[in-house]
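Hi everyone, thanks for coming. Let's have a look at this one together.

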Amino acid sequence: MERFRNILAGPIARGTVVSLVIRVAGIGLGVVQAIMTARLLGPDGYGAIAFVLSISMIVATVVLAGTEMLSVREVARYLAERDFVGLRGFLRAIRIMLVGAVVLGVAAMAIVGANLTFAEEFRAVIIYSIVIFPMLALVLQFQGVLRGLGYTALSQIPFLFLRPLVLVGVLTYCFAFNIGIGPGGYLNTVVVAVVLSLILAGWTALRLTPATDTPPEVFPPARLIGLSAPFLAISVLGLLLAEINTLMLAWWTTPEETGLFQPIARIAPLMMLGTHAASMRYAPRVSELWARGEVDRLDAVTQKYVRTTTAFTVAMIALILLSGKWILGVFGEAFTVNIAALWWVAAAQVVNVCFGPVWSLLTMTGFTTGVAISQGLGLAAHLVLGAILIPEYQGVGAAMAMAGGIIVWNFAMLIQVKRVLPFDPTLVGALKKRGRGPE
């Protein structure tokens, strides 16, 4: 019992509990949203809107240029040093750069969209991605600032909770009154949900950023670009690893096959629920401890983190697999064909969590190049396996390719961590060190 109380002590554990509640609610809403979407639109319509939303997230990540993750690290550092004038200058420089990147992104998407050939289902709705991605970029940027400020729970509410809540509300209304909604109507609702999320995220971040009477420092654009460039590579590669299955299925199969895989993509975050919740507070904590030179304390925090997140994740995955056929059946009988894909995704996530928080350790301590290289290797493996497996095995092939990519990029990042940090962040290392250090 004393050991259990020790696990729950400290800011990371407290932040994780609150974050977990919000994440459970948000992901629960997301699953309900996905079920309603599948039943209202069918595999073809689901595939079309999934393609648009994947494109929107990828372009939003590109125009963010890594500043969301950079904000988590740098805002936490400025707070640790109580340099509020520098913080204001840093944030002003980011917002100026983001506005310029959004303008360029809109122009680039308009040109590319006019010159590419898509399936009819995709071509009818691709224009929505130009409307959605700028707002997504701003929401995610404000989220990064709030995380850096230590408001872990608040940072998640606009994107993870409010956005799906609006969609579920509209879809419930459609079900209740037997109102048909096509991909276009669905994406109109997405636009409204993202606008509301942006208003809440922006108001909260601006209100909670520490004020100062001194004018903000001028943050050189060249320095900002230099700091954010590695994070841009990490962000784009990470998102591609998450979204590449949807894109590859859209390219090599049909909108129907793309839609049939979407429940798997929605269930996968449930498997990593504990890890994602804990990392929301763990990541800025790493930055704080590293900035103070408290490596031994960082080691102790990491050992506690990996033990608890692995136990929670394995239990969650076991529960999902035991009820996997039923879960997929809720989306519709047609979606149960991908039950084997669910097992491949589960195996990949078990491997993922056992490697420990290698991503957070590298990004929050400044060793971002190693992360980008590792993710690049993982993406390459994912693409090669996808090209081989997806044309023949469709959704199951996509899940197998994802498993291979996850193994490659985690192993590559672990090598980088062991080169720069004096401790083992994996489950094996955590089990060898059972002492409970302070947080």
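A quick definition to begin: helices are DSSP runs of H or I with at least four residues, and they are numbered from the N terminus. What we have here is a predicted model, where local features need pLDDT of at least 70 and side-chain atom pairs count only at pLDDT 80 or more, while totals for chains, interfaces and linings use all residues. Residues are numbered from 1 along each chain as its sequence is written, and side-chain values use heavy atoms, with hydrogens and water left out.

Let's start with helix 6, residues 128–149. Right after helix 6 comes glycine 150, with a positive phi near 95°. How far apart are the end C-alpha atoms of helix 6? They are 32 Å apart, which agrees with the 32 Å expected for 22 residues at 1.5 Å a residue, the expected span being 1.5 Å times one less than the number of residues. Helix 6 is also largely enclosed by the rest of the structure, because 20 of its 22 residues are buried (under 20% relative accessible area, with a 1.4 Å probe and protein chains only).

Now its partner, helix 3, residues 67–81. The axes of helix 3 and helix 6, lines fitted to C-alpha atoms over the stretch in contact, with angles from 0 to 180 degrees between N-to-C directions, come within 7 Å and cross at roughly 25°. That makes the two helices roughly parallel, a label for angles under 35 degrees.

Finally, alanine 268 lies in helix 10, residues 255–271. At 12% relative accessibility, alanine 268 counts as buried.

Notes. Buried means under 20% relative accessible area, exposed over 50%, partly exposed in between (1.4 Å probe, protein chains only). Angles under 35 degrees count as roughly parallel, over 145 as roughly antiparallel, 65 to 115 as roughly perpendicular and the rest as oblique.
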